[in-house]
Amino acid sequence: MWRFSLSILLFSYIAVSSSALGDSEATCTGIVPLPNRNDKISITDFGGVGDGRTVNSKAFKEAIYRIQHLKRRGGTLLYIPPGVFLTESFNLTSHMTLFLAKGAVLKAVQDTWNWPLIDPLPSYGRGRELPGARYMSFIHGDGLRDVVITGENGTIDGQGEVWWNMWRSRTLKYTRPNLIELKNSKEIIISNVVFQNSPFWNIHPVYCSDVVIHHVTILAPQDSPNTDGIDPDSSSNVCIEDSYISTGDDLVAVKSGWDEYGIAFGRPSSNITIRRITGSTPFAGIAIGSETSGGIKNIVAEHISLSNMGVGVNIKTNIGRGGYIKNIKISNVYVENARYGIKIAGDTGDHPDAYYNPNALPVVKGIHINNVWGVNVRNAGSIQGLKGSPFTGICLSEINLHGSFNSTGRGSVQMLLNFA
């Protein structure tokens with residue numbers, strides 16, 4: 001194994017703000033046109049009560065049943081007025097808009113013992129945390145088309161603390177629920193909503209295409225376990241823009257299946273744009289992986305502003321993953337107060353079981369990272385390849401990462417390159 005470290009000594013402080021990254025006017029949100037719904041109903045029409053105490057599960061089921069079976073031309077908008085609407089998990093339907101007014105809060109009940117179970121994803125082979133089934137997401141959809149979740153910055157609150165405590169105390173029976181999961185669906189728009197306190201991952205489009213997520217705020221305490229912000233998973237044509245995310249795990253993580261199950265399922269994540277994201281987390285700002293077994297390709301991330309981070313940009317995989325990570329372009333990233341600026345690693349993530357193939361090595365090639373600025377960054381970065389499957393075509397340019405500064409104005413950062 002060839003190992004060497006590169007130490008960069010920096011002698012001047014360069015003040016760089018997020019505005020220095022440039023504000024790109026480019027947008028990809030037009031890949032899914034916003035539909036005009038002429039038919040509008042309110043949750044109160046079905047007995048919904050926003051007093052924060054009444055459980056509104058029946059009202060949501062009846063309202064969505066009406067949308068599904070009446071099938072108004074152009075679909076239907078379900079209006080949630082100001083108030084706190086407590087409810088159990090529920091399924092969306094095609095050709096609907098869930099609209100949260102200013103001051104509207106959808107809040108998940110906390111009776112975890114009664115939470116519905118669903119099958120594991122075939123590309124994971126089991127629940128992500130525990131073998132077997134998994135808890136259904138708070139808001140769920142499977143096989144849908146033309147779905148919008150939007151509003152006037154109303155809130156969807158998963159009340160996740162009870163789930164986090166179960167994870168910490170190891171009393172979970174199944175994998176925790178996501179806040180929103182849309183599966184096998186297309187023509188999805190999620191915008192202008194606050195998502196908070198997810199039990200597990202926040203927004204999880206899986207096996208989806210034509211997805212737009214923009215102008216959202218995602219919040220969870222930084223010690224909340226596995227509360228990823230947005231995780232496009234074995235999905236294509238995804239646009240993520242203009243959002244603020246502060247959670248306990250990766251802000252945006254692109255995934256595509258887990259070891260032998262993801263290899264067998266064979267559905268990649270592709271053509272994903274991530275633009276103008278701001279946030280903080282103890283983990284990664286922009287992550288690729290570590291579940292990459294179906295392959296990940298054609299990813300663009302740009303104009304990203306991160307503070308109080310574990311890692312700014314993290315590309316991660318492992319033996320047994322198979323698949324590939326290729327044609328990744330990341331640019332115009334600002335990182336402040338971070339353990340690492342950039343990490344590319346072949347030794348990250350666990351395995352679903354003992355049956356993964358240790359000879360299934362991922363291919364990592366065509367990684368272009370440029371224009372990355374940072375201050376108070378302890379380590380510029382680390383690149384650790386895989387024996388038997390060298391990472392190739394890694395291009396880092398215009399990387400300007402400063403460490404902490406002493407009284408003389410000097411700071412140092414290190415980049416460790418470890419090639420197998």
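Visitor: By class, what makes up the lining of the second largest pocket?

Guide: In this predicted model, the lining of the second largest pocket has seven nonpolar, three polar and three charged residues. About 180 Å³ of space lies in this pocket, and of the 13 residues that line it, Lys61, Glu88, Ser89, Phe90 and Asn91 lie nearest its centre. Two or more lining residues come from each of helix 1 (57-70) and strand 6 (90-91), and helix 1 gives the most, with four residues.

Visitor: How many aromatic pairs does the rule count, and what makes the contact between phenylalanine 90 and phenylalanine 138 a pair?

Guide: The count comes to nine aromatic pairs. The rings of phenylalanine 90 and phenylalanine 138 are 6.1 Å apart, centre to centre, with 75 degrees between the planes; the cut-off for a pair is 6.5 Å, and planes over 60 degrees apart count as edge-to-face, so this contact is an edge-to-face pair. Phenylalanine 90 belongs to strand 6, whereas phenylalanine 138 sits in the loop between strand 10 (134-135) and strand 11 (139-142), so the pair ties together parts that are 48 residues apart in sequence. Both phenylalanine 90 and phenylalanine 138 are buried.

Visitor: Which geometry is assigned to the pair of tyrosine 124 and tryptophan 258?

Guide: The pair of tyrosine 124 and tryptophan 258 has 6.1 Å centre to centre and 55 degrees between the planes. That angle is neither under 30 nor over 60 degrees, so the pair counts as tilted. Tyrosine 124 lies in the loop between strand 9 (117-118) and strand 10, and tryptophan 258 in the loop between strand 21 (252-254) and helix 3 (259-265), so the pair ties together parts that are 134 residues apart in sequence.

Visitor: How do you know whether tyrosine 124 counts as buried or exposed, and what of tryptophan 258?

Guide: Tyrosine 124 has 2% relative accessibility and tryptophan 258 has 1%; the cut-off for buried is under 20%, so tyrosine 124 counts as buried, and so does tryptophan 258.

Visitor: Where does arginine 128 lie with respect to tryptophan 258?

Guide: Arginine 128 lies over the face of tryptophan 258, at 3.9 Å from the ring centre; the distance cut-off is 6 Å, so this value meets that part of the rule. Lysine 326 likewise lies over the face of tyrosine 324, at 4.6 Å from the ring centre.

Visitor: Which residues are closest to the centre of the largest pocket, and what is its volume?

Guide: The largest pocket has a volume of about 560 Å³. Its lining has 27 residues, of which Arg128, Asn226, Asp249, Glu291 and Lys316 are the closest to the centre. Strand 22 (269-288), strand 23 (296-316) and strand 24 (324-345) are the elements that give two or more residues to this lining, and strand 23 has the largest share, three residues. By class, the lining of the largest pocket has eight nonpolar, seven polar and 12 charged residues.

Visitor: How does the radius of gyration of the protein chain stand against that of a compact globule?

Guide: With 420 residues, a compact globule would have a radius of gyration near 22 Å, and the protein chain has 22 Å, so the two agree. The C-alpha trace spans about 65 × 50 × 40 Å along its principal axes, and 56% of the 420 residues count as buried. The protein chain contains three helices and 27 strands.

Note on methods:
Residues numbered from 1 in each chain as written. Predicted model: local features only at pLDDT ≥ 70, side-chain atom pairs only at ≥ 80, totals over all residues. Heavy atoms only, no water. 1 Å grid on protein atoms, 1.4 Å probe; cavity = no way out; pocket = protein on both sides within 12 Å on 5 of 7 lines; lining within 4 Å. Points joined across faces, edges and corners; volume = space filled by probe spheres on them. Nonpolar A, V, L, I, M, F, W, Y, C, P; charged D, E, K, R; others polar. Phe/Tyr/Trp six-rings, centres within 6.5 Å; stacked < 30°, edge-to-face > 60°. Buried < 20%, exposed > 50% of the residue type's maximum accessible area, 1.4 Å probe, protein only. Lys NZ or Arg CZ within 6 Å of the ring centre and 35° of its normal. Rg over C-alpha atoms; globule rule 2.2 N^0.38 Å.
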